[in-house]
Amino acid sequence: MFESLSERLERSFKILKGEGKITEVNVADALKDVRKALIAADVNYKVAKTFIDSVKQKAMGMNVLTAVRPKEMMIKVVHDELAILMGGEAQPINLQGRPAIILMSGLQGSGKTTMSGKLAYMLKKDKKQHKPLLVACDVYRPAAIDQLKVLGDQLEVPVYSEEGNKNPVEIALNAVQHAKAKGNDIVIVDTAGRLAVDEEMMDEIENLKKSLNPSETLFVVDAMTGQDAVNTAKEFNERIDFDGVVLTKLDGDTRGGAALSIRTVVDKPIKFVGIGEKMDALNVFHPQRMADRILG
Ligand code: GDP
């Protein structure tokens, strides 16, 4: 296993103990180590560099060189800076509008359909007793529609789909009318995803966003995809200017550095994390907890 970031920090600063005083050179060396560890935790190279520069500045500003416990102080500076960069506080989703519309975007396999179900479940059991409607807009893969129907049955949440209709915008707009008629206050639109970003896919999600004017557009991304996650996030953000990110598969063996990279590169909040395949395996994103995880 990799040495964790906090272990590295411990080690880097241990040498300093005997000397009584640490120097700027010692700090710079230790931070170089931290940068390597961040990159090993899937943090984008540029993001890691910016991060280290700002930690260094803070540490110097806090007179870490003359502190009684410099090592502990450095670890705290790194931790706090990670949390600040990831947004400080958890951010809620916008549920304005009747019905409120949540548009799900992302690559195939990222966990969009699963997350649509999880959100429906979370909203259904919320104390406001929402009545979500799930909408199957993946017109290319009948299996995806079936998958959503199975989830809907399991959660006792209605699923809207139109067999034979190949126009996702039409299906989604009809679903909104259906929701109004049936008293569903939230519509969650699950869209098609491709294995890689392509023009057709981007046009489709862009059209859906324009036509639906959702209160919340979420970009779903697999945390296990590391650096690729950042590039995909960037491409989606440039086209659809999404409102928030959902990081899935954090139950896997990843340090979650993608969270820091995505947040920094696209400057959009991470709102939820997926931590398993079951419908309750959804957490609100907490920057402090993610900082703990990245530090290890
Ligand atoms: P979509 O193509 O984006 O709709 O992706 P799916 O929702 O079909 O998910 C793809 C696969 O990832 C499925 O096997 C899901 O069960 C699995 N999956 C989704 N979210 C998570 C998660 O948070 N943790 C784990 N371990 N698996 C997940």
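**View 1. Strand β5, helix α9 and strand β6 build a right-handed β-α-β unit.** This close-up comes from a predicted model. Strand β5 spans residues 216–222 and pairs with β6 in the parallel sense, with 5 bridges between them. Helix α9, residues 227–240, is the helical part of the unit. To find your way along the pairing, look for Asp-222, whose bridge partner in β6 is Thr-248.

**View 2. From β6 the chain moves on to strand β7.** These two strands also pair in the parallel sense, here over 3 bridges, and β7 covers residues 270–274. On the way from β6 to β7 the chain passes through helix α10 (residues 257–266), and this β-α-β crossover is right-handed. A handy landmark is Leu-247, which has Val-273 in β7 as its bridge partner.

**View 3. Strand β6 is mostly covered.** How many of its residues are buried? The count is 5 of 5, for the stretch 244–248. In a regular strand, side chains alternate between the two faces of the sheet. Both faces of β6 are covered: one side carries Gly-244, Val-246 and Thr-248, the other carries Val-245 and Leu-247, and all are buried.

**View 4. Strand β5 is mostly covered, and strand β1 runs parallel to it.** In β5, 7 of its 7 residues are buried. Glu-216, Leu-218, Val-220 and Asp-222 belong to one side, while Thr-217, Phe-219 and Val-221 belong to the other, and both faces are covered. Strand β1, residues 100–105, is joined to β5 by 4 bridges. Within this pairing, Met-104 stands opposite Leu-218 in β5.

**View 5. Three phenylalanines, Phe-219, Phe-236 and Phe-242, form one aromatic cluster.** The structure holds 2 aromatic pairs. Phe-219 and Phe-236 make a tilted pair, 5.0 Å from centre to centre and with 40° between the planes. This pair links distant parts of the chain, because Phe-219 sits in strand β5 and Phe-236 in helix α9, 17 residues apart. Both of these residues are buried. Why is the pair of Phe-219 and Phe-242 stacked? Their ring centres are 5.0 Å apart and their planes meet at 10°, so the pair counts as stacked, the cut-off for stacking being under 30 degrees. Phe-242 belongs to the loop between α9 and β6, so its pairing with Phe-219 in β5 ties together parts that are 23 residues apart in sequence. Phe-219 has a relative accessibility of 0% and counts as buried. Phe-242 is buried too, with a relative accessible area of 1%.

**View 6. Two charged side chains sit over aromatic rings.** Look for Lys-268, whose charged end sits over the ring of Phe-242, 5.2 Å from its centre. Elsewhere, Arg-194 lies over the face of Tyr-140, at 4.6 Å from the ring centre.

**View 7. Asn-165 makes contacts from the loop between β3 and α7.** The loop lies between β3 (159–160) and α7 (168–182). Is Asn-165 buried or exposed? Its relative accessibility is 15%, so Asn-165 counts as buried, given that buried means under 20%. The side chain of Asn-165 makes a polar contact with the side chain of Glu-162, at 2.8 Å. The Asn-165 side chain also reaches the backbone nitrogen of Asn-167, at 2.8 Å.

**View 8. Helix α11 has its buried residues on the same side.** Which residues of this helix, 287–295, are buried? They are Pro-287, Met-290, Ala-291, Ile-294 and Leu-295. These residues cover an arc of only 135° around the axis, which means they lie on the same side of α11. After the helix comes Gly-296, where phi is positive, near 75°.

Notes. Residues numbered from 1 in each chain as written. Predicted model: local features only at pLDDT ≥ 70, side-chain atom pairs only at ≥ 80, totals over all residues. Heavy atoms only, no water. Buried < 20%, exposed > 50% of the residue type's maximum accessible area, 1.4 Å probe, protein only. Pairing = 2+ DSSP bridges. Right-handed = clockwise from strand over helix to strand, strands pointing away. Phe/Tyr/Trp six-rings, centres within 6.5 Å; stacked < 30°, edge-to-face > 60°. Lys NZ or Arg CZ within 6 Å of the ring centre and 35° of its normal. Arc of directions from axis to C-beta. Polar contact = N/O pair within 3.5 Å; in protein donor to acceptor, adjacent residues only side chain to side chain.
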